[in-house]
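This report walks through one protein chain, moving from its strands to its helices and then to a few single residues. Please keep the sequence and the 3D view at hand while reading.

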Amino acid sequence: MMKTKMLNLRGKLMRLDTPVVMGILNVTPDSFYAESRMQSEEAVARRIEAIISEGGAIVDVGGFSTRPNAREVSADEEWRRVRPALRILRDGYPDIPVSIDTFRADIACRAVEEYGVAVINDISGGDIDGKMFETVARLNVPYVLTHIRGSVQTMHQYFDYNNIVEDVALYFSEKANILRQAGVNDIIIDPGFGFSKTEKQNYELMRYLKEFSTMFDCPLLVGISRKRMIYGALAVTAEESLHGTTALNTFALLNGADILRVHDVRAATDAVKIIERLKY
């Protein structure tokens with residue numbers, strides 16, 4: 001029997017025998033999904049309330065858009081964007097675990113030390129900021145290790161793989177080994193759907209999702225909410241892709257996903273509840 005996966009969130013253990021939902025809180029003006037952009041403090045507070053009331057277990061705060069051709073922003077600007085949301089969460093919702101979506105070690109450090117953030121979600125796998133791994137180890141918080149090739153600006157140029165499933169697995173094996181040697185105890189793996197992958201490659205990787213769930217002794221995060229792999233396949237817009245997102249999230253749950261990172265929290269938590277019924 002496979003042991004229950006758990007995360008140590010600042011001294012509190014989160015069991016993942018039932019999958020959990022991570023609600024996206026974008027504090028950017030240019031996220032690919034327009035309805036997810038939260039810029040005023042009032043909008044941020046409403047979004048946090050919605051995530052929690054709809055069953056979200058983690059709030060993921062991000063201030064740097066990773067959509068294609070997104071504008072580069074400085075570290076100072078990224079921090080200016082995320083700080084009000086982190087303050088609202090710290091002061092108003094101290095029991096809700098918060099994740100910071102950043103590839104910058106200094107921002108991750110400030111978020112953890114000043115605002116009690118519990119998870120660092122780095123889409124770059126530590127490649128953009130060479131201080132990230134040592135920072136995570138020193139802070140002793142869980143780290144989301146995402147598969148990507150290239151940078152935020154160039155990742156959509158790197159689609160050449162010998163075998164995408166084997167190449168991604170090798171990436172996780174090598175990176176997880178480096179992290180563990182650095183002293184990082186809690187590693188969450190994220191296949192990086194939409195990053196450095198064509199639509200066909202995204203679906204090939206998804207078909208083998210269960211392999212990643214069993215291959216690595218780490219929680220598995222899936223983040224496909226309203227992405228191009230869904231709205232492109234359906235020939236709709238991101239705004240029209242909720243049904244496709246729910247279908248693919250359901251597949252992910254059936255194939256070992258422990259954490260769903262989503263815009264639409266209620267749809268995802270409902271999917272978790274229904275899939276859990278199949279276990280009994």
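Two strands are said to pair if DSSP finds at least two bridges between them. In this predicted model, strand β3 (residues 20-26) and strand β10 (residues 259-262) pair in the parallel sense, with four bridges between them. One of the positions where they meet is Val-20, whose bridge partner in β10 is Ile-259.

**The open sheet**

The pair β3 and β10 belongs to an open sheet of eight strands, which follow one another in the order β8-β7-β6-β5-β4-β3-β10-β9 with parallel pairing. The edges of the sheet are β8 (187-190) and β9 (221-222), each of which pairs on one side only. Helix α5 (residues 164-182) packs on the sheet, where it touches β7 (143-146) and β8, and its direction makes about 150° with that of β7.

Strand β5 (residues 98-101) has neighbours on both sides: it runs parallel to β4 (residues 58-62), to which four bridges join it, and parallel to β6 (residues 119-122), to which three bridges join it. Val-59 has Val-98 of β5 as its bridge partner, while Ile-100 has Ile-120 of β6. From β5 the chain crosses through helix α3 (residues 105-115) to β6, and this β-α-β crossover is right-handed. Which residues of β5 point one way, and which the other? Val-98 and Ile-100 point one way from the strand, whereas Ser-99 and Asp-101 point the other way, and all are buried.

The connecting helix also has a buried part, made up of Ala-105, Ile-107, Ala-108, Cys-109, Ala-111, Val-112 and Tyr-115 of α3. These buried residues of α3 pack against α2 (75-92), β5, β6 and α4 (132-139). After α3 comes Gly-116, which has a positive phi, near 70°.

**The hairpin**

Strands β1 (residues 6-9) and β2 (residues 12-15) pair in the antiparallel sense over four bridges, and Met-6 has Arg-15 of β2 as its bridge partner. The two strands form a hairpin with two residues between them. In β1, Leu-7 and Leu-9 make up the covered face, and Met-6 and Asn-8 the uncovered one.

**Positive phi outside glycine**

Most residues other than glycine have a negative phi. The table lists three residues of this chain with a positive value and the place of each.

| Residue | Phi | Place |
|---|---|---|
| Arg-10 | about 55° | turn of the β1 and β2 hairpin |
| Asn-140 | near 60° | loop between α4 and β7 |
| Ala-235 | near 55° | loop between α8 and α9 |

Asn-140 has a relative accessible area of 51%, and because residues over 50% count as exposed, Asn-140 is exposed. Ala-235 likewise counts as exposed, at 70% relative accessibility.

The loop between α8 (228-234) and α9 also holds Thr-237. Is Thr-237 exposed, partly exposed or buried? Its relative accessibility is 36%, so Thr-237 counts as partly exposed, the class between under 20% and over 50%. Thr-237 and Lys-227 are ten residues apart in sequence, and their C-alpha atoms are 9.5 Å apart in space.

**Helices α9 and α10**

Two packed helices are described by the angle between their axes and the distance between the axes. Helix α9 (residues 242-254) and helix α10 (residues 265-277) pack at an angle of about 40°, and their axes are 10 Å apart; α9 passes α10 in a right-handed crossing. To the contact, α9 gives Leu-242, Thr-246, Thr-250, Leu-253 and Leu-254, and α10 gives Ala-267, Ala-271, Val-272 and Ile-275. Sorted by kind, the residues of this contact are seven nonpolar, two polar and no charged.

Ala-252 is also found in helix α9. Its relative accessible area is 0%, so Ala-252 is buried, a class that takes in values under 20%. Leaving aside residues up to four places away in sequence, Ala-252 touches Leu-209, Val-222, Ala-257 and Leu-260. Glu-42, by contrast, is 210 residues from Ala-252 along the chain, and the C-alpha atoms of the two are separated by 33 Å.

How values were computed: Residues numbered from 1 in each chain as written. Predicted model: local features only at pLDDT ≥ 70, side-chain atom pairs only at ≥ 80, totals over all residues. Heavy atoms only, no water. Contact = heavy atoms within 4.5 Å. Axes fitted to C-alpha atoms, helices over the stretch in contact; angles between N-to-C directions. Buried < 20%, exposed > 50% of the residue type's maximum accessible area, 1.4 Å probe, protein only. Right-handed = clockwise from strand over helix to strand, strands pointing away. Left-handed = near helix turned anticlockwise from the far one by under 90°. Nonpolar A, V, L, I, M, F, W, Y, C, P; charged D, E, K, R; others polar.
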